[in-house]
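Reader: Got a minute to go through this model with me? I'd like to talk about charges and cysteines.

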Amino acid sequence: MLLCGPSGSGKSLLAARAGLPVLRLDDFYKEGTDPTLPLVPQSSDIDWDHPGSWDADAAVAAITELCRAGRTHVPVYDLSLSARTGESAIDIGRAPLFLAEGIFAAELVSRCRELGVLADALCLSRGPLTTFRRRFLRDLRESRKSVPFLLRRGWRLMRQERSVIARQTALGAHACDRDEAMGRLTAAAAGRCPTVRTAA
């Protein structure tokens, strides 16, 4: 099950409440020293909201291994350092499916579908102002980046939110609120939607 949505839309909270194993796609960000990182146009800021800041191939490999073997190893990423700080093991045991959540999850919809490991793809939406407030307070609390950077990024993302959701739905994710998402997660876990065993 792929779960996407703008940064701050509540993906991690929903994933925690779902009671399913979770693969954090944020752990597949590139390191801050990577020369291929994209920049915000007309700025020296790294664009961490651009798919080019992220390793989609490694994410797909981890999803596929979890679906086929039930376990995999993934990097541990520290957002405040923009660096990988280690590695961890994920084992989904006998769970019928797991959640792969992150702002770039929609980028994987077609590849996961082609590989036969997609149960559903959801895009959370809560409205630009609500998302801005939640994102800023979370990032400030977790000291993810400097306050000026967070304000610049937050303002830019608030203005771009509708286009972000439009892109993610165009890639195959279903836009929904938290309640509908939880209902679809429950249905998928109960086998009431097309899926394969241990599907993402």
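Author: Sure, here is a short chat about salt bridges, then cysteines.
Author: This is a predicted model, where local features need pLDDT of at least 70, side-chain atom pairs count only at pLDDT 80 or more, and totals for chains, interfaces and linings use all residues. Residues are numbered from 1 along each chain as its sequence is written, and side-chain values use heavy atoms, with hydrogens and water left out.

Reader: How many salt bridges are in the whole structure?
Author: The search finds 13, taking a salt bridge as a side-chain nitrogen of Lys or Arg within 4 Å of a carboxyl oxygen of Asp or Glu.

Reader: What does Asp-49 form with Arg-153?
Author: A salt bridge, with the closest N and O atoms 2.7 Å apart. Asp-49 sits in the loop between strand 2 (22-24) and helix 2 (56-69) and Arg-153 in helix 5 (residues 147-170), so the pair ties together parts 104 residues apart in sequence; helices (H or I, at least four residues) and strands (E, at least two) are DSSP runs, numbered from the N terminus.

Reader: Are Asp-49 and Arg-153 buried or exposed?
Author: Both are buried, meaning under 20% relative accessible area (exposed is over 50%, partly exposed in between; 1.4 Å probe, protein chains only).

Reader: Switching topic: how many disulfides?
Author: The count is 0, a disulfide being a pair of cysteine sulfur atoms within 2.5 Å. For Cys-67, the nearest cysteine sulfur is that of Cys-112, 7.2 Å away.

Reader: And what's the relative accessible area of Cys-112?
Author: Cys-112 has 0%, so this residue is buried. Cys-67 is buried too, at 8%.
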